Amino acid sequence: MLLLSVALLAIVLLLGLQYIFSYWHRHGLPHLKPEIPYGNLRSVAKRQQSLGVAITELYRRSTEPLVGIYLFFTPAILVRDATLAKRILTVDFGSFQDRGVLYDKKRDLFSCNMFAAPLSSWRPVRSKLTAAFSLSQLRGMLPTVLDVGTKLEDRLGVAAESGDAVDLNGICMRYVVDVIAEVLFGFKADSIGNPEHPFYTIGEYCDEQRSYIRNVHLSSISRKVSNFMISLVRQQMKYRAKNDLARKDFLQLLTDLHQEDLSVEECAANVNLFYTAGSETTKATVIYTLHELAHHPEVMGRLVEEVDECLKQSGGEISYDLVKSMSYLDVCRKETLRKYPGLFFLNRKCTHDYQVPNSWLVIKKGTQLVIPLKAYGMDERYFPNPESYIPERFLEDTKNYDENAYAPFGNGPRKCIAPRMGIFVAKVTLVRLLSKFRFEATQELKIEFAPSVVPLVPKDGVRMKIHRRCI
Ligand code: HEM
């Protein structure tokens, strides 16, 4: 009897799964064949690939502009047409206002951050916090970036003296975390000097926890991280209130939102978001640029020449305008973000039925969309010779790429809130390091990315030998 019940249950389960995985077949959209029970993400479930790498491979397995895929059990559309993707993100934003990731006050308060928020909860937070990244705020961040940069420089100086190869991934992450602690949250972390600083180690703990499954389906972060962030927010707000400190920075804007109607937990959820979204991406821009430069001496030579020339003219002083004037530096960071976008893909959820232009297809409300940035960046149709690192493709005179396919900060109203800060901090860091050190590659050009995490984390770090420049 028991055996019969088990067999019946197995049959019902199998039929249910077959029904779920026939969604695209039933809806008549060209699709990639799913595998029960993984959908199209077996390699992610088995922790063999990161989600970004898996999505990029799914892109390569089709030629259709819109392809049905399964993110485990969730049917989604992979948008293989970059022009349509841009339209979805911008002019047709009205039908794609949300990201469709977990946002649930009851199940997980920490999912209630700006990234995950549906339009109505997202709008007031976004419009308030945008002020933290204005031009004048950015200029005001420079002394801190330079001050923390001195510690990074000292640390790399030690590595240069030792002659050993060092992992830039870890060191630069500490540096960016220290910058973020001070410019956004108003306290000194010094995780470069103090390897066990909790503000840094909590981020390492987040990395271990940050799988796609956790982000999208279960809870967004562990209790250890949420407790840490909540007490950090409480402490900082209390300290400012007690000492009557009112700066016009990120924490202050968050405090204003708290006084309006955001709970401490929601404030902490946003602190966690800005910590992660800001640190991984900015660090990645720095280390992958240095990695590519170390493999392309001619590009490195041209950039170092620009850096030296500009610093000579400014008497060695690094300012916002100086960094902005470096045009070759700008195309190098653009080329880095093509090959290594901070996020491999963007996601959107259809919020109103959408008639795809020039097609019979209507995307139904509730459908999940995946916009694969990394795959566009490596597609010959959009970027000729995509495997090569060619900053010149972004120069006005030698421009050679499809603008619709380039969106490393996303696009439309929900694009990155702080692209200028990311670019600025990465550029100041590169100027500083390239003016003092020469970087020698000690590992292959092709980077393997860590499986099971959403951002582009190098599996084996980015190891290099560092030499002091003779100037
Ligand atoms: C080079 C550095 C950076 C890159 C490449 C990057 C990239 C991105 C991308 C691709 C998105 C998704 C956009 C979309 O869905 O259309 C995003 C969103 C976001 N980023 Fe950045 N980012 C960077 C730096 C930063 C920094 C420094 C911060 C803050 C300290 C930040 C905070 C955010 C936030 C809060 C969102 C969600 C925006 C919203 O939903 O309104 N990012 N970023």
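Start by selecting Leu 71, which sits in strand β1 (residues 66-71) of this predicted model. Leu 71 is buried, because 24 other C-beta atoms lie within 10 Å, where 20 or more are needed for that label. If neighbours within four places in sequence are set aside, the contacts of Leu 71 are Gly 39, Leu 41, Ala 76 and Gln 368, and these can be added to the selection. Draw a distance next from Leu 71 to Ile 55: the two are 16 residues apart in sequence, and their C-alpha atoms are 9.4 Å apart in space.

Ile 55 leads to helix α4 (residues 51-60), where 7 of the 10 residues are buried, so that the helix is largely enclosed by the rest of the structure. The buried residues to colour in α4 are Leu 51, Gly 52, Ala 54, Ile 55, Thr 56, Leu 58 and Tyr 59.

Now widen the view to the largest nonpolar core, which has 124 residues and in which Ile 55, Leu 78 and Leu 369 touch the most other members. Helix α13 (residues 264-295) contributes the largest share of this core, with 15 residues. Centre on Leu 78 and, again leaving out neighbours within four places in sequence, show its contacts with Leu 58, Tyr 59, Val 67, Ile 69, Val 370 and Pro 372.

Keep α13 displayed and turn to the ligand, which is surrounded by 26 residues, the closest being Gly 278, Gly 342, Gly 410, Cys 416 and Gly 422. Helix α13 gives the most to this shell, with 7 residues, and both α13 and α18 (419-436) supply at least two residues each. Coloured by class, the shell around the ligand shows 15 nonpolar, 8 polar and 3 charged residues.

Helix α11 (residues 223-242) is the next selection, and a distance between its end C-alpha atoms comes to 28 Å, which agrees with the 28 Å that its 20 residues should span at 1.5 Å a residue. Within α11, the buried residues are Val 225, Phe 228, Met 229, Ile 230, Leu 232 and Val 233. Just after α11, stop at Asp 244, which takes a positive phi of about 50°.

Some further backbone details deserve a stop, since most residues other than glycine have a negative phi, and most peptide bonds are trans. Select Ile 36 and Pro 37, which are joined by a cis peptide bond with omega of about 0°; Pro 37 lies in the loop between α2 (23-26) and α3 (42-45). Move on to Arg 47, in the loop between α3 and α4, where phi is near 55°, a positive value in a residue other than glycine. Arg 47 counts as exposed, because it has 11 C-beta neighbours inside 10 Å and the limit for exposed residues is 12 or fewer. Then select Asn 358, in the loop between β5 (354-355) and β6 (362-363), which has a positive phi of about 55° although it is not a glycine; with 8 other C-beta atoms within 10 Å, Asn 358 is exposed as well.

Finally, zoom out to the whole protein chain, which has 18 helices and 9 strands. Its radius of gyration is 23 Å, close to the 23 Å that the globule rule gives for 471 residues, so the chain is as compact as a globular protein of that length. Along the principal axes, the C-alpha atoms fill a box of roughly 80 × 55 × 45 Å. Of the 471 residues, 42% count as buried, and among contacts with a separation of 6 or more, residues 24 or more positions apart account for 70%.

Note on methods. Residues are numbered from 1 along each chain as its sequence is written. This is a predicted model: local features need pLDDT of at least 70, side-chain atom pairs count only at pLDDT 80 or more; totals for chains, interfaces and linings use all residues. A nonpolar core is a set of buried Ala, Val, Leu, Ile, Met, Phe, Trp, Tyr and Cys residues joined through C-beta atoms within 7 Å. Helices (H or I, at least four residues) and strands (E, at least two) are DSSP runs, numbered from the N terminus. Two residues are in contact if their C-beta atoms, placed from the backbone, lie within 7 Å. A residue is near a molecule or strand if its C-beta atom, placed from the backbone, lies within 6 Å of it. Ala, Val, Leu, Ile, Met, Phe, Trp, Tyr, Cys and Pro count as nonpolar, Asp, Glu, Lys and Arg as charged, and the others, Gly among them, as polar. The radius of gyration is taken over C-alpha atoms; the globule rule is 2.2 Å times the number of residues to the power 0.38. The expected span of a helix is 1.5 Å times one less than its number of residues.
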